[in-house]
Amino acid sequence: MVRRVLARPAGRLGAGILILIALLAILGPVLAPHDPLGSTPDPLVGISGQHWLGTDYLGRDVFSRLLHGSRESVVGSVEVALVALVVGVIPGLLSVYLGRVFEWTALRLADTLIALPFLVFAVAVTALLGNGITQAMLTVGVLVSPLFFRVARAATLTVARSQYVEYGLISGASIGWIIRRHVWAKVLPPIAVALAQTIGVGFIIVSSLTFLGIGVQPPAPTWGGLLASDLNYLNFQPFAPIAPAALIMATVWACNLLADAIRDVSGQAGRALTNTRRLGARRAGGSQPVLAKGRS
Amino acid sequence: MTTVSEDSARRGAVSEPVAPGSGPPVVLAVRDLRVHDRVSDREIVHGISFELTPGKVVGIVGESGSGKTLTCRAALGILPEHFVVSGGSITITGHDVAGLTPAQWTELRGSTISAVFQDPASYLNPSIRVGAQIAEVVRVKQGFSRRVARRRALDLLAAVQLRNPALVYEQYTYELSGGMLQRVLIAAAVAAEPTVLIADEATTSLDVIVQAEILDLLADLRDRAGLALLVVSHDLAVVAQICDEVLVMRRGDVVEHGSTAEVLRRPRHEYTRLLIAEHEQYGLEAYLDATTPQHQEPNHARQESNHAH
């Protein structure tokens, strides 16, 4: 599966950008030429050899602040996606198997969560539990989880009623075995798509929250926070918002590219199983065995 | 881990016969089984009774909707959601299934009672190699390692008379013909050495020659493993070929029940007579007898022998 996603240009580009962003998040503080919090005597200078992206209104190096800020943004959005994954997928799978009471409760709970606006709710929770990125992201993660719940449940339903799952029951396999053997393979591709999308959405949410000053204490740099402070001095430095905005856009775009590639590939797997892989194709060799390996 | 307890449970059940008196142990006993549809609030199966002993083949014939499949599903504990057993009892190797927990059902299925169906392709996962699916049953039910399970699956594929087990093992469902798939499904069904096998319209979608081969295969399994068979079909010819005893069902009622020879040669109920008459009227023999000149028969025979190879 991974290999087939990377075989597509969109998948390669998306993964490439995300790896770059991840490297920024890991190595950013080391690469930064200046202290992100240390001010210099000259505020709001333009692009120069010393300050690649200029300085902000307190004379801090913008490039260093961007590099330092990448970690918060990346960790935050991954946190959102992982929390949503765990909170959503497991009940989504189980809602098909654990009987009507559980099913009804889980569905209504998911509906309720969908109804809550997550930015406002995240603001409220940080006000209640303290202003930290983890509190904010846990909240957003839980509020995004209905996406995973729905996707996992829909995929599970399509296989759970299939005759080969019934045959698994007849030949005496337990529900756990059937989920591991038959259901999981069907649920995984749509979940992978949802995960890639959610990381993108997570970036926007983290950026929005930090833009509003929620989740991170002000002197600490974040992409959203940089954008916010740049906007106040737009008339002095009209180019300043471009760098953080471009980073946010590139990351979200990369996530969407990756999600598209995964979706295309998992769709292709379905088609390939019914159409393209005929008996002769495998005997003839060629590119077909890749498909078989990806499956196993 | 299941094998030991299963085996001893089976032996224990076998040693205490369900029905008093002598004779072979009853492995599946259905007594006055009634199935109720909760949606339409009607009884669909109005009391069906039969007994299976090792090596015995019981057939159920009847038109679509007569309750044959519901009877099978009740015996397997997989009735569709809105159907319930509303009366009578089903006993599998001495255990009344009414009191079984889901975990006990899981243990019983595959290793004591198993089934094959019409349209085998949809009962196998299209994205897993068929051999692996047979090996899986061996692994789950008998707790063997992957390697042993693989060898056992290859043996099973050979036992269901597939010519190249090693090749078939690596293939997917869409690469196999209907007859081959049914053999694979039979191999999977008998993988955990059940005592009872239910064949619900197992030969219906197959052509006549493959159908005969599959029935021969089932008879062979019965002879070698002492399998008790429940064969369900709408086709009297299938029942005639393999069954010791026949039940004729119509609209949920058993209209006739007796030894195959008796039911087919001396049908007492008018519905059975109708089924037999239709066979006589619409079967190929009627056409051949009426229209074919004598000198064309050798030609026909030659074509048939070509098919068989």
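The exercises below, each with a worked solution, concern a predicted model and go from one chain to the other.

**Exercise 1. The make-up of chain A**

Task: State how many helices and strands chain A has, and how much of the chain counts as buried.

Solution: Begin with the elements, where chain A turns out to have 12 helices and zero strands. Read from the N terminus on, its elements therefore run α-α-α-α-α-α-α-α-α-α-α-α. Turn next to burial, for which 41% of the 296 residues of chain A qualify. Finally, consider the contacts in chain A with a separation of 6 or more, of which 70% are between residues 24 or more positions apart.

**Exercise 2. The span of a helix**

Task: Work out what span the 36 residues of α3(A) should have, and compare it with the distance between the end C-alpha atoms.

Solution: The helix covers residues 62-97 of chain A. The expected span is 1.5 Å times one less than the number of residues, which for this helix gives 52 Å. The end C-alpha atoms of α3(A) are 53 Å apart, so the two values agree. As a further step, look along the helix for a bend, and a kink of about 30 degrees appears, centred on A:G69. As for its surroundings, α3(A) is mostly covered, since 26 of its 36 residues are buried. After the helix comes A:G99, which has a positive phi, near 95 degrees.

**Exercise 3. Two aspartates with positive phi**

Task: Determine where B:D32 and B:D41 are placed, and decide whether each is buried or exposed.

Solution: Take B:D32 to begin with, whose phi is near 50 degrees, a positive value in a residue other than glycine. B:D32 is placed in strand β1 of chain B, which comprises residues 28-37. A residue is exposed if 12 or fewer other C-beta atoms lie within 10 Å of its own, and because B:D32 has 11 such atoms, B:D32 is exposed. Then take B:D41, a residue other than glycine with a positive phi near 55 degrees, which lies in the loop between β1 and β2 of chain B. With 7 other C-beta atoms within 10 Å, B:D41 is therefore exposed.

**Exercise 4. A pair of helices in chain B**

Task: Describe how α4(B) and α5(B) cross, and list the residues through which they meet.

Solution: Start with the axes of α4 (residues 130-142) and α5 (residues 146-159) of chain B, which come within 8 Å and cross at roughly 120 degrees. The crossing of α4(B) past α5(B) is right-handed. On the α4(B) side the residues are B:G131, B:I134, B:A135, B:V138 and B:R139, and they meet B:R146, B:A149, B:R150, B:R152, B:A153, B:L156 and B:L157 of α5(B). Sorted by class, the residues of this contact are seven nonpolar, one polar and four charged. The spacing of such residues can be understood from the helix itself: with 3.6 residues a turn, residues three or four places apart point the same way.

**Exercise 5. Where the chains touch**

Task: Find how many residues of each chain are in contact with the other, and which element of chain B gives the most.

Solution: Count both sides, and 24 residues of chain B are in contact with 18 residues of chain A. On the chain B side, α3, β6, α4 and α7 each supply at least two residues. Of the elements of chain B, α4(B) gives the most, with four residues. By class, this side of chain B has 12 nonpolar, seven polar and five charged residues.

Terms used: Residues are numbered from 1 along each chain as its sequence is written. Chains are lettered from A and ligands numbered from 1 in the order in which they are written. This is a predicted model: local features need pLDDT of at least 70, side-chain atom pairs count only at pLDDT 80 or more; totals for chains, interfaces and linings use all residues. Axes are lines fitted to C-alpha atoms, for helices over the stretch in contact, and angles run from 0 to 180 degrees between N-to-C directions. A crossing is left-handed if the near helix is turned anticlockwise from the far one by less than a right angle, and right-handed if clockwise. Two residues are in contact if their C-beta atoms, placed from the backbone, lie within 7 Å. Ala, Val, Leu, Ile, Met, Phe, Trp, Tyr, Cys and Pro count as nonpolar, Asp, Glu, Lys and Arg as charged, and the others, Gly among them, as polar. The bend at a residue is the angle between axes fitted to the seven residues ending there and the seven starting there. A residue is buried if 20 or more other C-beta atoms lie within 10 Å of its own, exposed if 12 or fewer, and partly exposed in between; C-beta atoms are placed from the backbone.
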